[in-house]
Amino acid sequence: MPEQMVEIPILADIMTPLDSETSRKMPNQVGNVAGATTSEIHQRLMHTGKRHDMDGPLKKVYAFWLSGMSCDGCTIAAVGATEPAVEELLTGALPGLPMVVLHHYATAIESGDHFTHELERAAAGELDAPFVIIYEGSLADENLTVDGEPWSAEGSLPTWTPDAGRERVATALWLKEMAPRAAAVIAIGTCASWGGIPASYGNPTGAMGVMDFLGKDYRSVFGLPVINIPGCAPVGDNFTETVALLLLFLNRQAPLPEFDELGRPAWLYSDTVHRHCPRAGWYEEGTFAKEYGDKECLVDLGCWGPVVNCNITERGAQSHMGGCMVAGGVCIGCTMPGFPDKFAPFYKAAPGSSVSSLMSRLTGSFIRPLRRISESERNRTIRWEGAVPCGWALEGKRIGPGHKFLEFFYERLQYLHSERPGRQKRVEKYASGWITPVEAAYGPDYQVLPDKRAEIARKRNLPRRPGFDTKREEKE
Ligand code: SF4
Ligand code: SF4
């Protein structure tokens, strides 16, 4: 791993000296029932689970989850991920992946200065393995604070000193100091990716995303620009899957996955919501919801799905379940850099949608009736030529002459240059010349429909079992 010499102008002045002497003097942590640091817990896990036999040069990678101006929704989304699950990443359960030693303010074993101390160690390059930064929430322009208190902060420095001599450390400052040493920087959620809601028009914080803050030329020590997993909140699987593939790359087990021009995982964000929406068929047939709760396409109610890059309609919100349109909501473009301002006002039909939905209405008015004919025809077996022997309402749906006329030509086209299903006359002979009993009785037409088979039986005066030919018995 290439080593970067970075100057840490601000933190270096206030950080706790990181010599082994200081570490030995670290005070006991009240309330830490584990009696160990996160790193020590992972070390034990690695040995008890024999995870030190893992493939690749990396046995573990530290992950520092920094929280800027956020609602913690991205954390909720990530811990709900299932493919893979966060637990699988933390325990090194996936082949080829190093174990992730996560430092997250909500899940950390340490608290207070013990937690901050791990950030210090990362910023000073004191860790024994590479680390990645996961940033949640947007970054404020800390120059805009009135009283010098950061808009968002994590920990105070110097550690283990009286309060009067300490300063709260802006989360953005941690990012600034740690990013040059990071193996990768991942922005999770729309706030961290593009600024999101805190960066909308009129905000007093000068909020921005990680890319804006670190600049276009930023590269991690592995040569990576900022990786963005947008969404408000993002699909949790989008995050964990990207982390897993990134870890495979860092561990030299796989090539770098493909990212698009905005640093998004290309395989997750290249399609629009609309392409995988469960309501897309309604759109295509020109049928639209008039109010919430209707099952049709929501474009008239303000859905922006046709122009928004998001895979929630394919992946679901969690465990392939839920997601905006499944739950009955319109797409408001929450994954997009233009969110929220360029999608406002929410719940009002987008101007461009009237053109495309008009086209769908026109073609749909012609296509829909034809499809209903094909649908009703295929709701019948080949034996039901007339009435359907069902006690429910379908029996009342008699096929009209128009339907029969269209279906006649439809079938001709359907089986053009192909064979109809079922045994074909030219292949039904056995090589030995053996003739099946049914063919011996009915002749080569034995595969015909029941009515015709009854007709043949009557003509040939074949014995019939009572109850197996009701129509014939009725006629008789
Ligand atoms: S609800 Fe939105 S995403 Fe779904 S089909 Fe309609 S316009 Fe497309
Ligand atoms: S469908 Fe639209 S609103 Fe829903 S998560 Fe995706 S981008 Fe956000």
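A residue counts as buried if 20 or more other C-beta atoms lie within 10 Å of its own, with C-beta atoms placed from the backbone. By that criterion, 34% of the 476 residues in the protein are buried. The model is predicted, with an average pLDDT of 86 over the protein. Its secondary structure consists of 18 helices and 7 strands.

**Confidence**

- A pLDDT of at least 70 is reached by 85% of the residues.
- Residues 1-24 have a pLDDT below 50, and this stretch has 33 contacts in the model beyond near neighbours in sequence.
- Residues 472-476 also stay under 50 in pLDDT. For residues 472-476 the model has 3 contacts beyond four places in sequence.

**Contacts along the sequence**

- Taking contacts between residues at least 6 apart in sequence, 74% join residues at least 24 apart.

**Helix 6**

- Helix 6 spans residues 113-123 and is mostly covered, with 10 of its 11 residues buried.
- The buried set in helix 6 includes Asp113, Glu118, Glu120 and Arg121. Phe115, Thr116, His117, Leu119, Ala122 and Ala123 of helix 6 are buried as well.
- Gly125, just after helix 6, takes a positive phi of about 70°.

**Helix 14 and helix 15**

- Helix 14 covers residues 353-377 and helix 15 covers residues 401-414. The axes of the two helices come within 10 Å and cross at roughly 80°.
- Because angles of 65 to 115 degrees count as roughly perpendicular, helix 14 is roughly perpendicular to helix 15.
- On the helix 14 side, the contact is made by Ile373, Ser374 and Glu377. These meet His403, Leu406, Glu407 and Tyr410 in helix 15.
- By class, the residues of this contact divide into 3 nonpolar, 2 polar and 2 charged.

**Ligand 1**

- There are 14 residues around ligand 1. Those that come nearest are His274, Cys277, Cys297, Cys303 and Gly305.
- The shell around ligand 1 has 11 nonpolar residues, 2 polar and 1 charged.

**Ligand 2**

- Cysteines around ligand 2 are Cys310, Cys324, Cys331 and Cys334.
- The surroundings of ligand 2 also include Val273, Val308, Ile312 and Ile332, together with Gly231, Gly333 and Thr335.
- The ligand 2 shell divides into 8 nonpolar and 3 polar residues, with no charged residue.

Key. Residues are numbered from 1 along each chain as its sequence is written. Chains are lettered from A and ligands numbered from 1 in the order in which they are written. This is a predicted model: local features need pLDDT of at least 70, side-chain atom pairs count only at pLDDT 80 or more; totals for chains, interfaces and linings use all residues. pLDDT is the predictor's confidence in each residue, from 0 to 100. Two residues are in contact if their C-beta atoms, placed from the backbone, lie within 7 Å. A residue is near a molecule or strand if its C-beta atom, placed from the backbone, lies within 6 Å of it. Ala, Val, Leu, Ile, Met, Phe, Trp, Tyr, Cys and Pro count as nonpolar, Asp, Glu, Lys and Arg as charged, and the others, Gly among them, as polar. Axes are lines fitted to C-alpha atoms, for helices over the stretch in contact, and angles run from 0 to 180 degrees between N-to-C directions. Helices (H or I, at least four residues) and strands (E, at least two) are DSSP runs, numbered from the N terminus. Angles under 35 degrees count as roughly parallel, over 145 as roughly antiparallel, 65 to 115 as roughly perpendicular and the rest as oblique. A residue is buried if 20 or more other C-beta atoms lie within 10 Å of its own, exposed if 12 or fewer, and partly exposed in between; C-beta atoms are placed from the backbone.
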